[in-house]
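Subject: Structure handover

Dear colleague,

Please find the structure below, together with its sequence. My notes on it follow.

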Amino acid sequence: MSIVAAFMVPHPPMIVPEVGRGSESQIEKTIKAYEKVAEEIAALKPETIIISSPHSVMYSNYFHISPGSAASGSFSEFGAPQIKFHMDYDQELVKLLTSKAAAVDLPAGTLGEKNPSLDHGTMVPLYFILKKYKDFKLVRTGLSGFDLLKHYEYGMMIRDAVEELGRRVVYVASGDLSHKLQDYGPYGFAEEGPVYDSRIMEVCSTARFGELFDFDEDFCDKAAECGHRSFVIMAGALDGKAVEASQYSHEDVTGVGYGICSFVPKGQDESRHFLDARLRQLQSELEEKRLKSDAWVKLARASAEYFVRKGRVMELAAILTDNSASAPEIPANSPGQSDRSDKSDCPPDGASKLCSALPPELLQSQAGAFVSIHKFGALRGCIGTIAPTQENLALEIIHNAVSAVSKDPRFEPVKEDELEYLDISVDVLGQAEKISSPAELDVKRYGVIVQSGYKRGLLLPDLDGVDTVEEQVSIARRKGGIRPDEKVDLFRFEVVRHY
């Protein structure tokens with residue numbers, strides 16, 4: 001057997017009458033749609049129901065699957081302790097999921113659970129399902145901080161495990177839509193909120209799962225959604241299947257979006273391998289971008305790839321020797337390069353071929369520089385220096401590229417199979433100047449350094465998701481470990497960004 005149906009559902013605790021105490025009447029359409037979902041699940045008689053919940057255990061670099069034989073929970077946190085649940089887990093399916101994840105080096109498994117209690121993102125769907133059907137076991141999984149493509153891949157692994165085990169399974173993707181739809185809502189209003197709800201309902205109601213990847217991370221953050229990754233895992237679990245999709249309801253009367261859709265597989269469809277299609281598209285776009293990259297970026301990429309593949313720092317003198325397999329293809333007319341007949345500034349190692357290919361700015365100047373690495377639109381590493389630490393800018397870029405792929409504490413080191421999907425940029429920093437107030441900043445033009453004694457935080461200019469000076473300074477404070485109430489000195493600087 002396989003996944004026989006999937007459902008996209010919300011999880012507002014107020015929908016439970018004992019919690020809502022009458023307020024649930026505001027979302028009557030959602031309640032009726034939920035009851036229809038429960039009836040359809042009962043008719044399908046699944047052996048196992050898999051629920052992905054944004055309120056289960058969540059790690060930045062790991063998909064958590066709830067371990068053990070069973071788990072309990074209640075709505076006591078929401079004033080209704082009498083509404084209780086006790087669910088048996090499908091241990092055989094969980095074991096297979098964990099082993100398959102290990103086999104393909106996908107970070108997923110049962111480690112790291114601190115609180116085994118069922119979360120409300122799981123209990124709200126169970127509240128409706130258990131009224132109609134009880135003869136099933138549960139698999140509960142959380143989301144992660146990984147990019148959307150990794151969530152889709154995780155869903156594909158879930159599909160493979162279900163099919164290998166021969167389980168009859170229903171997948172429930174728990175997740176609310178935007179939390180910023182109305183001024184009177186608990187989270188206020190953002191213009192991205194209604195746009196998100198409109199787009200996600202259009203995409204899901206027509207099963208255009210490939211378009212789930214088109215939702216920018218910054219856009220989703222501003223819309224304050226909580227279910228997008230859950231929906232992407234579900235889509236991955238239906239990869240390669242023809243799908244009949246139906247929209248049951250969408251409401252936003254509380255300032256939070258609640259959407260319900262069903263997805264019924266209708267056999268194989270080779271045109272619906274959306275991860276493969278997106279990877280091919282990204283490879284083509286990145287290759288075109290690499291060909292247009294200037295010498296600064298080509299040097300950073302060569303250094304990053306050399307270190308990931310060989311485990312050592314690329315030597316400046318060797319990058320363009322005839323025997324170097326990882327030498328950057330730096331064009332003779334790279335932006336900023338001038339003709340050079342005088343080689344007197346070449347390094348004393350005799351690398352004249354290098355000197356004739358690299359722009360003189362890289363060999364003759366010193367500057368702080370940041371190397372930023374993105375993968376599938378999400379940051380994958382960013383390390384830099386505020387002031388020069390090397391004898392020239394080329395070495396500064398080489399060493400910072402190594403740090404970006406291996407020493408950014410926010411991420412695991414980059415692996416070799418990721419290299420073809422990395423998008424790299426280089427920021428060369430201008431001289432920092434002290435300013436008297438934030439009024440002299442401009443988030444698009446200037447980066448900021450916030451300093452308090454020995455503590456110092458820096459943020460580059462023109463970053464996605466940083467739209468105000470207040471946000472820029474606040475983030476720089478956090479990066480430097482500087483409290484909001486600490487007195488600081490402010491510095492601004494400009495950068496030359498190379499793509």
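Which residue of β18 does Leu429 stand opposite? Leu429 faces Val495 in β18; more on that sheet further down.

First, the ground rules. This is a predicted model, in which local features need pLDDT of at least 70 and side-chain atom pairs count only at pLDDT 80 or more, while totals for chains, interfaces and linings use all residues. Residues are numbered from 1 along each chain as its sequence is written, and side-chain values use heavy atoms, with hydrogens and water left out.

Overall picture

The protein chain has 14 helices and 18 strands. Helices (H or I, at least four residues) and strands (E, at least two) are DSSP runs, numbered from the N terminus. The C-alpha atoms fill a box of roughly 85 × 50 × 35 Å along the principal axes. Of the 499 residues, 55% count as buried, where buried means under 20% relative accessible area, exposed over 50% and partly exposed in between (1.4 Å probe, protein chains only).

Sheets

Two strands pair if DSSP finds at least two bridges between them. The strands of an open sheet of 4 come in the order β12-β11-β13-β18, with antiparallel pairing. β12 (378–384) and β18 (495–498) are at the edges with a single partner strand each, so one side of each has no neighbour in the sheet. From one strand to the next, the twist averages 20°; axes here are lines fitted to C-alpha atoms, for helices over the stretch in contact, and angles run from 0 to 180 degrees between N-to-C directions. The Leu429 contact mentioned above belongs with β18, which pairs with strand β13 (residues 422–429) in the antiparallel sense over 4 bridges.

Another open sheet has 6 strands in the order β7-β2-β8-β1-β10-β9, and its pairing is mixed. Its edges are β7 (137–141) and β9 (241–251), each with a single partner strand, so one side of each is left without a neighbour in the sheet. Here neighbouring strands are turned by 15° against each other on average, direction ignored. Strand β2 (residues 48–52) runs parallel to β7 and is joined to it by 5 bridges; Ile49 stands opposite Leu138 in β7.

There is also a hairpin, formed by β15 and β16 with 2 residues between them. Gly453 in its turn has a positive phi of about 60°. Strand β15 (residues 447–452) and β16 run antiparallel, joined by 5 bridges, and Val450 stands opposite Gly457 in β16. Strand β16 (residues 455–459) is mostly covered, with 4 of its 5 residues buried.

Helix packing

α5 and helix α9 (residues 274–292) pack at about 150°, their axes 10 Å apart. They are therefore roughly antiparallel (angles under 35 degrees count as roughly parallel, over 145 as roughly antiparallel, 65 to 115 as roughly perpendicular and the rest as oblique). The crossing of α5 past α9 is left-handed; that is, the near helix is turned anticlockwise from the far one by less than a right angle, with clockwise giving a right-handed crossing.

Helix α10 (residues 295–310) and helix α13 (residues 393–406) have axes that come within 8 Å and cross at roughly 50°. That makes α10 oblique to α13, and this crossing is right-handed.

Aromatic rings

A search of the whole structure finds 14 aromatic pairs. Rings of Phe, Tyr and Trp (its six-membered ring) pair if their centres lie within 6.5 Å; planes under 30 degrees apart count as stacked, over 60 as edge-to-face and the rest as tilted.

One of them is Phe75 with Phe85, edge-to-face at 5.9 Å centre to centre and 75° between the planes. Phe75 lies in strand β4 (residues 70–75) and Phe85 in strand β5 (residues 80–88), so the pair ties together parts 10 residues apart in sequence. Phe75 is buried at 0% relative accessible area, and Phe85 is buried at 7%.

Tyr152 and Phe213 also pair edge-to-face, with 5.3 Å between centres and 65° between the planes. Tyr152 is in helix α5 (residues 148–165) and Phe213 in the loop between α6 (192–205) and α7 (217–223), so this pair ties together parts 61 residues apart in sequence. Tyr152 is buried, with a relative accessible area of 0%; Phe213, at 10%, counts as buried too.

Ring pairs also link Tyr34, Tyr127 and Phe128 into a cluster.

Charges over rings

A charge sits over a ring if NZ of Lys or CZ of Arg is within 6 Å of the ring centre and within 35 degrees of the ring normal. The charged end of Lys36 sits over the ring of Tyr248, 4.3 Å from its centre. Arg199 lies over the face of Phe215, at 4.1 Å from the ring centre.

Regards
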